[in-house]
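Colleague: I would like to learn how to read side-chain contacts in a model such as this one. Could you take me through them, one kind of feature at a time?

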Amino acid sequence: MTTASSRRGDRRISPVFLGIAAVTAVSGWAVWTDFAANIRIAVFLFVTGAWIVSLCLHEYAHARTALHSGDISIGAKGYLTLNPLKYTHALLSIVLPVIFVILGGIGLPGGAVFIERHRIQGRWRHSLISAAGPLTNVLFAIVCTAPFWLNALSGVPTGFRYALGFLALLQVTAAILNFLPVPGLDGYGVVEPWLSYTFRRQVEPFAPYGLLAVFVLLFFIPQVNAAFFDLIHTILRGLGVSELDSYCGRDLFSFWTTRNEFACGPAGQ
């Protein structure tokens, strides 16, 4: 029998998530105050921590929306604790997106919370559950870019500005990629309830390869890569984030490479 205390435990914020959030806050403070002995490592920890926090909230948004739509099994699975170790595929949900940020500088969408769709009635609810995750990335992108489009960066340390610019790029890329109507991605989940049963059955076998197909197109076809990042930088410019901001943020983030001080200036400036 489920007790009130066990239900509260199902929704208590995980110490794992709180630890990640603490690392993000401390490293962000170190970047802001120029306290860190190596600002590039501080930027790396700040951006990586903030990116993982956004991934956790992305999955939480799916889970919370599913709970209110009728899937009462969500709490017992631990999805409401924000603990990334509780996800169906922790490797896909957290590790792989972080690796792609390190290697390619894009916010690749992650893996999943398991939702018992048969408990949920109504196509709109199914669509909303799928949309909730990438909408979280949209919200993060608005928060990250707000200081830029509000012209509130006067006096803000350059390193912190660049870190925000790169983090904004990650959130915009994650939102765009997640909303693609490709099987296996959230965008397809939004439109899937409105498709015919026959079409869904035909597409279902390809769902596990949707993310792989996106990866191949982005990383191995230069024209697709160029068009994609042209779109991303157009959106970022509209939000006040210049290409230099996001480029120099990536430059600081990649502490294992040689810095381009000609373009971005000294690390602590």
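Colleague: How many aromatic pairs does the structure hold, and by what is a pair of aromatic rings described?

Modeller: A pair of aromatic rings is described by the distance of the centres and the angle of the planes. In this model, which is predicted, there are 14 aromatic pairs. One of them joins Phe44 and Phe255, whose ring centres are 5.1 Å apart with 80° between the planes, and that makes the pair edge-to-face. Phe44 belongs to helix α3 (residues 39-69) while Phe255 sits in the loop between α11 (243-253) and α12 (261-264), so the contact ties together parts that are 211 residues apart in sequence.

Colleague: Are Phe44 and Phe255 buried or exposed?

Modeller: Phe44 counts as buried, with 16% relative accessibility, whereas Phe255, at 34%, counts as partly exposed. Phe166 and Phe253 form a tilted pair, with 5.2 Å from centre to centre and 50° between the planes. Because Phe166 lies in helix α6 (residues 158-178) and Phe253 in helix α11, this pair ties together parts that are 87 residues apart in sequence. Phe166 is buried at a relative accessible area of 1%, and Phe253 is buried too, at 0%. These four phenylalanines, Phe44, Phe166, Phe253 and Phe255, form one aromatic cluster together with Trp256.

Colleague: Which cysteines form a disulfide, and which parts does the pair tie together?

Modeller: A disulfide is read from the distance between two cysteine sulfur atoms, which has to be within 2.5 Å. A search of the whole structure finds 1 disulfide, formed by Cys248 and Cys264 with their sulfur atoms 2.1 Å apart. The link is left-handed, with -90° about the S-S bond. Cys248 lies in helix α11 and Cys264 in helix α12, so the parts tied together are 16 residues apart in sequence. Both Cys248 and Cys264 are buried.

Colleague: Why is there no bond for the sulfur of Cys56?

Modeller: The closest cysteine sulfur to that of Cys56 is in Cys144, and at 15 Å it is too far for a bond. Cys56 is buried at 0% relative accessibility, and Cys144 is buried at 5%.

Colleague: Which residues form the nonpolar patch on the surface?

Modeller: The patch is formed by Tyr209, Leu212, Val216, Leu217, Phe219, Phe220, Ile221 and Val224, which together have about 710 Å² of accessible area. Helix α9 (residues 210-220) contributes the largest share, 5 residues. Leu217 is found in that helix, α9, and counts as partly exposed at 40% relative accessibility.

Notes:
Residues are numbered from 1 along each chain as its sequence is written. This is a predicted model: local features need pLDDT of at least 70, side-chain atom pairs count only at pLDDT 80 or more; totals for chains, interfaces and linings use all residues. Side-chain values use heavy atoms; hydrogens and water are left out. Rings of Phe, Tyr and Trp (its six-membered ring) pair if their centres lie within 6.5 Å; planes under 30 degrees apart count as stacked, over 60 as edge-to-face and the rest as tilted. Helices (H or I, at least four residues) and strands (E, at least two) are DSSP runs, numbered from the N terminus. Buried means under 20% relative accessible area, exposed over 50%, partly exposed in between (1.4 Å probe, protein chains only). Patches are made of residues with over 30% relative accessible area and no salt bridge: like charges are joined within 9 Å, nonpolar side chains (Val, Leu, Ile, Met, Phe, Trp, Tyr) within 5 Å. Accessible areas come from the Shrake-Rupley method with a 1.4 Å probe; for residues, only the protein chains shown count as cover. A salt bridge is a side-chain nitrogen of Lys or Arg within 4 Å of a carboxyl oxygen of Asp or Glu.
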